[in-house]
Amino acid sequence: MNTITNQTNPADYRLPRYREIPNVGLYLEQCAKYVNMHLTPLGFPELTTSMISNYVKQKIISGPQKKQYGAEHIACLVVLAIMKSVLSIEDARLILDDKRSQYDIASGYDVFCDIFEAQLKETFRPTAAKAPAMRKKEGIAFPSTGIVHNVVFAAVHKIYLNRQIKELRDRMQNDEAAAKQGAKKKDKEASAKEEQTHESSVDTDPVG
């Protein structure tokens with residue numbers, strides 16, 4: 001279910017950093033619940049247990065240890081869920097495999113979170129320009145022409161578009177409801193007027 005909560009302000013949103021992710025080992029349902037808790041408020045589709053199992057079967061993420069998922073699994077699932085909103089699963093796998101060969105999961109995940117949150121702030125700040133300006137944080141430029149930066153850029157703007165569509169849908173539904181209410185009011189007024197006219201004509205009829 002794709003739910004967008006109006007109470008969630010994307011500009012203030014924060015993903016858990018690697019050191020904050022539970023590493024005690026979560027069972028399949030707990031793992032899915034944890035990821036969904038952090039991503040569905042932004043409008044991402046829920047991650048199901050069957051999806052996680054399929055990712056393991058397809059070797060997109062490593063298998064659980066004694067049926068438990070640790071921080072590495074959860075970090076990969078968070079990144080994968082965000083990437084999948086704008087990429088096919090095969091394209092997301094390609095990028096993940098490439099980056100995992102270059103960086104360790106902990107540092108790579110934290111950098112991804114920094115990029116994602118920076119783009120959210122840039123896009124959703126009240127005075128945001130149509131084309132986000134170049135910003136720097138700890139030597140990292142946002143946005144850049146790097147492939148991961150572009151994936152995040154697209155994902156954030158999809159969130160923004162989803163919210164615009166929801167606002168448009170809500171406004172149209174409100175307008176439709178108001179129009180129906182107005183039509184009912186007119187019909188009621190017309191019926192009352194017709195009834196008054198009928199009663200008036202009966203009162204003025206000559207007695208036979």
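## Pockets, core and helix α3 in a predicted model

Twenty residues line the largest pocket, and those lying nearest its centre are Lys99, Tyr103, Gly108, Phe112 and Val148. The elements that give two or more residues to this lining are α3, α4, α5 and α6, and the largest share, six residues, comes from α5. The structure described here is a predicted model, and the pocket volumes that follow are computed from it.

The second largest pocket is lined by 15 residues, with Phe44, Pro45, Ala81, Lys84 and Ser85 nearest its centre. Here the elements contributing two or more residues are α2, α3 and α6, while the largest share, three residues, comes from α6. The table sets out the volume and the lining classes of each pocket.

| Pocket | Volume | Residue classes in the lining |
|---|---|---|
| Largest pocket | about 410 Å³ | 14 nonpolar residues, three polar residues, three charged residues |
| Second largest pocket | about 210 Å³ | eight nonpolar residues, four polar residues, three charged residues |

### The chain as a whole

The secondary structure of the protein chain amounts to six helices and two strands, which, read along the sequence, follow the pattern α-α-α-α-α-β-β-α. Of the 208 residues in the protein chain, 34% are buried. When contacts between residues at least 6 apart in sequence are considered, 72% of them join residues at least 24 apart.

### The nonpolar core

In soluble globular proteins, nonpolar side chains tend to be buried together. The largest nonpolar core of this model has 45 residues, and those with the most contacts inside it are Leu15, Ile82, Tyr109 and Phe116. At least two residues of this core are supplied by each of α1 (28–39), α2 (49–57), α3 (71–84), α4 (89–100), α5 (105–124) and α6 (147–204), and the largest share, ten residues, comes from α3.

Which residues is Tyr109 in contact with, leaving aside its neighbours within four places in sequence? They are Leu15, Pro16, Arg17, Tyr18, Ile21, Ala75, Val78 and Val79. Leu15, one of these partners, is also named with Tyr109 among the residues with the most contacts inside the core.

### Helix α3 and Tyr34

Helix α3 has 14 residues and reaches 20 Å from its first C-alpha to its last, which is close to the 20 Å expected at 1.5 Å a residue. Because eleven of its 14 residues are buried, α3 is largely enclosed by the rest of the structure. The buried residues of α3 are Ala71, His73, Ile74, Ala75, Cys76, Leu77, Val78, Val79, Leu80, Ile82 and Met83; three of the names in that list, Ala75, Val78 and Val79, recur among the contacts of Tyr109.

Tyr34 is found in helix α1. Is the residue Tyr34 buried or exposed? With a relative accessible area of 13%, Tyr34 falls under the 20% limit and is therefore buried. Apart from its neighbours within four places in sequence, Tyr34 is in contact with Pro16, Glu20, Ile21, Pro22, Leu26 and Ile74, and Ile74 is listed among the buried residues of α3. Tyr34 and Val78 lie 44 residues apart in sequence, and their C-alpha atoms are 9.6 Å apart in space. Pro16 and Ile21 are in contact with Tyr34 and also appear among the contacts of Tyr109.

Terms used: Residues numbered from 1 in each chain as written. Predicted model: local features only at pLDDT ≥ 70, side-chain atom pairs only at ≥ 80, totals over all residues. Heavy atoms only, no water. Core = buried A, V, L, I, M, F, W, Y, C linked by side-chain atoms within 4.5 Å. Buried < 20%, exposed > 50% of the residue type's maximum accessible area, 1.4 Å probe, protein only. Helix = DSSP H or I, 4+ residues; strand = E, 2+ residues; numbered from the N terminus. Contact = heavy atoms within 4.5 Å. 1 Å grid on protein atoms, 1.4 Å probe; cavity = no way out; pocket = protein on both sides within 12 Å on 5 of 7 lines; lining within 4 Å. Points joined across faces, edges and corners; volume = space filled by probe spheres on them. Nonpolar A, V, L, I, M, F, W, Y, C, P; charged D, E, K, R; others polar. Expected span 1.5 Å × (residues − 1).
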